[in-house]
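The exercises below concern helix packing and burial, and each one is followed by a solution worked in steps. Please have the coordinates open while working through them.

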Amino acid sequence: MGHEVVRFLIAGGTATAINWLARIPLSLVMPFEAALLAAYGLGMVASFWLYRAFVFRVARGSLRGQVFLFLAVNAVGAGVVLAVSTALLDGLTALLPDLARSIAEALAHGVGIASGAVANYLGHRLLTFASGARPAPQGP
């Protein structure tokens, strides 16, 4: 399981970078909340592929079932990211009114993404890409 966690952190970090970086140009053309959700969607596509290909390679179940569970786990994660990010943005702008909006948004979004990492790992490990029962070792 140790190597799996490392692979999850690398894959998740890559998908998180895609999510975080995509939000920046999206915020130029849409409200912060909409940009958060659009960027989250882009990160989800990347993370599904990375998790399936590199992290949970012994997963059971059909691709369709994995996609359904992946979307369900990430729907919860999107709510967490949106709630934490918008609450933190409101707090930052109230406490630090001189802080540039773009910096406040970047900080709030980063903390929002980080807040769901443990829940996403557990949800994907236990639900989306569960490996099922392993066969008992065979004796001589």
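**Exercise 1.** Which helices do the buried residues of H4 pack against?

Solution. The model is a predicted one, and the first step is to list the buried residues of H4, which are Ala104, Glu105, Ala106, Ala108, His109, Gly112 and Ile113. The second step is to look for their partners: these residues pack against H1, helix H2 (32–55), helix H3 (63–95) and helix H5 (117–128).

**Exercise 2.** Determine how H1 and H4 are oriented to each other, and describe their contact.

Solution. Helix H1 covers residues 2–29 and helix H4 residues 101–115, and the two pack at an angle of about 150 degrees with their axes 11 Å apart. Because angles over 145 degrees count as roughly antiparallel, H1 is roughly antiparallel to H4. The crossing of the two helices is right-handed. On the H1 side the contact is formed by Thr16, Asn19, Trp20, Arg23 and Ser27, which meet Glu105, Ala106, His109, Gly110 and Ile113 of H4. By character, the residues of this contact divide into three nonpolar, five polar and two charged.

**Exercise 3.** Compare the span of H4 with the expected one.

Solution. H4 has 15 residues, and from its first C-alpha to its last it reaches 21 Å, which is close to the 21 Å expected at 1.5 Å a residue.

**Exercise 4.** Decide whether Glu4 is buried or exposed, and find its contacts.

Solution. Glu4 lies in helix H1. Its relative accessibility is 12%, and because buried means under 20%, Glu4 counts as buried. Leaving aside residues up to four places away in sequence, Glu4 touches Val55, Phe56, Tyr121 and Arg125.

Definitions and conventions
Residues numbered from 1 in each chain as written. Predicted model: local features only at pLDDT ≥ 70, side-chain atom pairs only at ≥ 80, totals over all residues. Heavy atoms only, no water. Axes fitted to C-alpha atoms, helices over the stretch in contact; angles between N-to-C directions. Helix = DSSP H or I, 4+ residues; strand = E, 2+ residues; numbered from the N terminus. Parallel < 35°, antiparallel > 145°, perpendicular 65-115°, else oblique. Left-handed = near helix turned anticlockwise from the far one by under 90°. Contact = heavy atoms within 4.5 Å. Nonpolar A, V, L, I, M, F, W, Y, C, P; charged D, E, K, R; others polar. Expected span 1.5 Å × (residues − 1). Buried < 20%, exposed > 50% of the residue type's maximum accessible area, 1.4 Å probe, protein only.
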